[in-house]
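Let's take a friendly walk through this structure together. Have your viewer ready to follow along.

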Amino acid sequence: MPVLLLSLRVAALATLLCLPVAIALAWMLARHRFPGRMVLDALVHAPLVLPPVVVGYGLLGLFGRQSWAGEWLAQRFAVQLPFSTAGAVLAAAVMALPLMVRSVRLGLEAIDRGLETAARTLGAGPLDAFLTVSLPLMLPGIVAGAVLAFAASLGEFGATMTFAANIPDETRTLTLAIYTALQTPGGEDTAKALVMISMSLAVAALLIAEWASRLAQRWLRPA
Amino acid sequence: MGQPLGPALVAPGVIELDFIARRGEFQLEARASLPSTGITGVFGRSGAGKSTLVNAIAGVAADVSGRIEVDGQAFLDSASGVRLAIEARRVGYVFQDARLFPHLRVETNLRYGARRAPADGPVALWENIIEALDLSQLLRRWPHSLSGGERQRVAIGRALLARPRLMLMDEPLASLDAPRKSEILHYIERLRDACPVPMLYVSHALDELVRIADHLLLLSEGKVMASGPFIELIADSTLQPYLGRFEAGSVLECVVKSHDEAFGLSVLGFVGGELRVPQLDAPLGTRLRARLRARDVALALSDPIDLSITNRVKGTVMSLTFRDGPYVDVLLNASGAHLHALVTRESCARLGLAAGVPVIALIKAVALDSRAVGYARRSR
């Protein structure tokens with residue numbers, strides 16, 4: 001089932017792309033005060049409130065052939081984002097980012113900052129303390145965020161359609177395939193099968209998210 | 001009183017404090033020179049600045065300026081721009097709320113600091129500390145499954161295993177009930193002998209400090225009121241207002257002289273005589289401290305008969321200090337030992353108490369239970 005494999009690959013790559021960015025952003029937004037923090041916060045959360053088509057259009061403006069970034073990527077790395085699988089990944093990642101940042105940030109804010117202080121008095125430097133104490137304790141939030149981002153990436157439609165288009169075996173993910181099947185005469189059965197797959201994936205994602213939140217409750221029990 | 005510090009007086013074996021720490025509206029002015037051996041009790045009421053003091057030494061407090069030196073190494077020297085990072089100070093900090101890492105088992109918690117401690121310095125004390133704190137049964141457990149007392153024991157062990165040059169304990173018993181407090185104090189007494197790391201022990205409960213402190217740093221409203229040997233300061237009547245009326249009393253250094261198994265009593269000898277107390281689990285010859293609250297001491301002019309009180313100590317009135325309300329603090333000299341008795345002005349007038357009057361101090365044995373008795377450092 002190439003559609004399913006492509007969808008899973010795009011969603012997985014988008015989630016992986018999101019992870020480090022979301023952790024860094026959550027860290028900055030939750031723990032630091034710097035000029036432009038509100039602007040950054042708004043920018044990260046924009047895909048939540050903007051129509052996905054508008055986000056896709058924005059990505060075209062940023063990474064299209066005529067743009068500075070698009071030209072640089074094409075010349076330097078021979079990478080073309082629009083109308084490619086990489087583009088579908090980027091579109092899904094940008095749409096999923098705010099969900100992941102919110103989840104990671106909630107996880108981070110639930111951690112007692114005193115624990116890092118305790119780690120410092122035990123001889124750990126700031127980065128050491130973050131990696132060995134805060135990051136493991138954030139893990140449930142990160143897992144929950146990743147599951148959410150993965151599920152959202154599987155369901156991403158508007159931004160992908162606008163930025164990466166609907167190219168079979170390249171950018172036609174599950175949702176685009178359902179849409180295409182419904183547009184095709186006699187495609188209802190295919191659409192039904194794809195909908196079933198889509199629902200199974202959603203249920204699996206919910207179960208994993210639930211497991212992660214239970215783990216979080218055990219870890220974050222006041223000690 | 002805070003000793004003014006000359007800049008050239010910094011010697012090894014001393015904790016030099018001369019700094020101002022601000023937290024919001026609050027300001028702590030700390031000027032003191034503390035011995036970097038034994039246990040220094042940091043005492044004061046809530047809001048006196050006790051936590052701010054240890055946070056400044058640990059490097060956890062943000063707004064601190066001045067100078068902090070431990071054994072000749074500057075933790076902070078604003079004049080020359082020195083400010084060591086928390087992890088470079090190597091202070092073991094035991095927090096009120098233990099702060100065990102919830103995602104690590106007890107053993108991994110204990111090894112966290114030990115793994116990061118430099119290889120030089122005293123030999124690792126893993127076995128000693130595990131044994132002194134009875135931690136071997138807890139190693140496989142998770143922090144959330146521990147009781148409050150067990151958590152503090154693990155926190156103390158974890159801090160010590162990082163081989164700190166100085167231990168800071170910020171009211172480590174605050175969240176524990178009385179029997180648990182007594183138990184942890186007993187462990188701290190054992191540690192003091194097993195692992196000689198200087199310790200600053202913050203408390204607003206004088207009876208905790210009586211058991212363990214060698215030195216006292218007295219804080220009030222952001223200022224150092226006194227710093228000196230514990231036994232001397234605790235008997236200093238000019239400091240009584242800071243120590244609190246109902247906590248006032250005397251501390252007697254005693255030796256276990258005999259046990260009376262039949263009646264379940266122990267006999268303690270001190271310079272002023274003997275005290276019978278509920279039996280202690282301590283071998284003969286053990287040196288210990290008995291804390292006697294002023295309100296547990298009654299006075300008589302002649303040795304009364306038909307009285308249940310067994311402890312009768314002869315002494316002479318040295319001074320009377322009139323307190324607010326109906327109370328008088330009578331200071332006695334019993335062959336060199338100083339005893340405080342809190343009586344009413346009415347009793348004082350009826351007995352005609354004045355300096356030089358010989359009296360007999362009556363002390364109930366039950367006022368001296370094991371919680372009022374601390375074990376003195378064995379190595380001295």
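The paragraphs below move from chain A to chain B.

This is a predicted model, in which local features need pLDDT of at least 70 and side-chain atom pairs count only at pLDDT 80 or more, while totals for chains, interfaces and linings use all residues. Residues are numbered from 1 along each chain as its sequence is written, chains are lettered from A and ligands numbered from 1 in the order in which they are written, and side-chain values use heavy atoms, with hydrogens and water left out.

Start in chain A with helix α1, residues 2-31, where you will find Cys18(A). Helices here are DSSP runs of H or I with at least four residues, strands are E runs of at least two, and both are numbered from the N terminus. Cys18(A) is buried, at a relative accessible area of 1%. The term buried means under 20% relative accessible area, exposed means over 50%, and partly exposed lies in between, using a 1.4 Å probe and protein chains only. Although Cys18(A) and Leu97(A) are 79 residues apart in sequence, their C-alpha atoms are 5.9 Å apart in space.

Helix α8 of chain A, residues 158-163, holds Ala159(A). Its relative accessible area is 0%, so Ala159(A) counts as buried. Between the C-alpha atoms of Ala159(A) and Leu59(A) there are 8.4 Å, with their positions 100 residues apart along the chain.

Now for the surface. Leu48(A) belongs to helix α2, residues 37-49 of chain A, and is partly exposed with a relative accessible area of 40%. Together with Val49(A), Leu50(A) and Val54(A), Leu48(A) makes a nonpolar surface patch of about 350 Å².

Turn next to chain B, whose domain assignment gives domain 1 (7-234) and domain 2 (250-375); such bounds come from an automatic or database domain assignment. Taken over C-alpha atoms, the centres of these two domains of chain B are 33 Å apart.

Where does Ser227(B) sit? Look in strand β11 of chain B, residues 223-229. Ser227(B) is buried because its relative accessible area is 17%. Its side chain makes a polar contact with the side chain of His215(B) at 3.1 Å. A polar contact is a pair of N or O atoms within 3.5 Å; within protein, one must be able to donate a hydrogen and the other to accept it, and residues adjacent in sequence count only if both atoms are side-chain atoms.

Finally, two cysteines of chain B: Cys254(B) is buried at 2% relative accessible area, and Cys348(B) is buried at 6%. With a disulfide defined as a pair of cysteine sulfur atoms within 2.5 Å, the count over all chains is 0.

How values were computed: Patches are made of residues with over 30% relative accessible area and no salt bridge: like charges are joined within 9 Å, nonpolar side chains (Val, Leu, Ile, Met, Phe, Trp, Tyr) within 5 Å. Accessible areas come from the Shrake-Rupley method with a 1.4 Å probe; for residues, only the protein chains shown count as cover. A salt bridge is a side-chain nitrogen of Lys or Arg within 4 Å of a carboxyl oxygen of Asp or Glu.
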